[in-house]
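I set out to record how the strands, helices and cores of this chain fit together. The entries follow the order in which I looked things up.

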Amino acid sequence: MLSIPASRPNAYTGSPLDRVSNLRDDAEALAGFLRSPDALFAPVWHGRNLLRGAAENRPEAVFLSPDAAQAVRMAGGPWALLGLWDGRPVFAVDCSAAEDPLPLLPEGMGSLLDLRGLAGLLPAGEASILAHARGLMHWRTRHRFCGVCGHGCEPRSAGNAMACPNCGAQHFPRTDPAVIMLVTDGARCLLGHSARFPAATMYSTLAGFVEPGESLEEAVRREVLEESAIRVGEVRYHSSQPWPFPASIMLGFHAEALSEAITVDPNELRDARWFTRDEVRDPEAAGFSLPRVDSIARRLIEDWLENTP
Ligand SMILES: [Zn+2]
């Protein structure tokens, strides 16, 4: 099977931030960043990011100045240093404790929106920073207590880690690996429809979480076999995509089918079918729709179409 290169970067990648992990435990540097009049704060409210221009299809991230951020920081939610952007400190601040944070902010700051679906329209790098903020604040708001002894934890490393003062355990942000794969038999590709998909006509690549003690290739073969009964041979890596919805990274593959007969696991999928190249090139004519353009699933499908005869 041909190795198919990634034709362009995936959405949510390409962050302009220097994560300065070496400075996270430097109290003096951190105090300086917090005092900096140039600091930028990315608020997160129940997993939503602050954006403006979305209604006009020209969304852009809204960052708060230290003064504007003070009101939402007073709510006492977690915050963390994300990094430096051309030397300017960038923080994430969770304001979920506020019933509605918008009245706390200067007027016309934008709306709190779900980042999914807007990523492809945002200026380069902004989707990545907002995804970073969302993912880290999700972890912070849901891992407040020690998983070892149950005691309340305290933030460390400028909000990028948690430590238990009772038993000494340290806790770090979680990123759960998920494999996502386009299975092909050369001429056709295997796509499935799940009840969880946003559109009733949408067919997409199969996907699933990696389990403990499993390689990525093994996870690809197991998930495809479980969901469709198709046996998979060769597995080739394509690209990855941060997917903080809420806490994953998508690891994309092309995989070679060794069998043809599909049996769908009804707990996972409503349907799965083989689609020819012509059908995938013109899904409307074939009566289905493809996943969103900012998804790695779409990249796997398009790169297969463009790079194989
Ligand atoms: Zn503990």
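Entry 1, strand β4. I began with β4, residues 79-85, in what is a predicted model. I counted five of its seven residues as buried, so I note the strand as largely enclosed by the rest of the structure.

Entry 2, the partner of β4. I looked up the pairing next: β4 and strand β5 (residues 88-94) run antiparallel and are joined over six bridges. Within this pair, I found Trp 79 opposite Val 93 of β5. The hairpin of β4 and β5 leaves two residues between the strands. I checked the backbone there and noted that Asp 86 has a positive phi near 50°.

Entry 3, helix α2. Which residues of α2 are buried? In this helix, residues 66-73, I recorded Ala 69, Val 72 and Arg 73 as buried. Viewed down the axis of α2, the buried residues fall within an arc of 95°, so I assign them to one face of the helix. This agrees with a general point: an α-helix has 3.6 residues a turn, so residues three or four places apart point the same way. I then asked what covers the buried residues of α2. The cover includes β1 (40-45), together with β4 and β5.

Entry 4, the largest nonpolar core. I found 38 residues in this core, and those touching the most other members are Ala 42, Phe 91, Ala 92 and Ala 133. I listed the elements that each supply at least two of its residues: β1, β2 (48-52), α2, β4, β5 and α3 (126-142). The most comes from α3, which gives eight residues to this core.

Entry 5, contacts of Ala 92. I set aside the neighbours within four places in sequence and read off what remains in contact with Ala 92. The contacts are Ala 42, Val 44, Trp 79, Ala 80, Leu 82, Ala 133, Leu 136 and Met 137. I also noted another core, of 32 residues, lying apart from the largest one. Its members include Ile 180, Ile 230, Trp 243 and Leu 269.

Entry 6, the two domains. I took the division of the protein chain as domain 1 (21-142) and domain 2 (176-307). Over C-alpha atoms, their centres are 33 Å apart. How many residues of each domain are in contact with the other? I recorded ten from domain 1 and eight from domain 2. On the side of domain 1 that touches domain 2, I classed three residues as nonpolar, five as polar and two as charged.

Conventions:
Residues numbered from 1 in each chain as written. Predicted model: local features only at pLDDT ≥ 70, side-chain atom pairs only at ≥ 80, totals over all residues. Domains from an automatic or database assignment. Contact = placed C-beta atoms within 7 Å. Nonpolar A, V, L, I, M, F, W, Y, C, P; charged D, E, K, R; others polar. Buried ≥ 20, exposed ≤ 12 C-beta atoms within 10 Å, placed from the backbone. Helix = DSSP H or I, 4+ residues; strand = E, 2+ residues; numbered from the N terminus. Pairing = 2+ DSSP bridges. Arc of directions from axis to C-beta. Core = buried A, V, L, I, M, F, W, Y, C linked by C-beta atoms within 7 Å.
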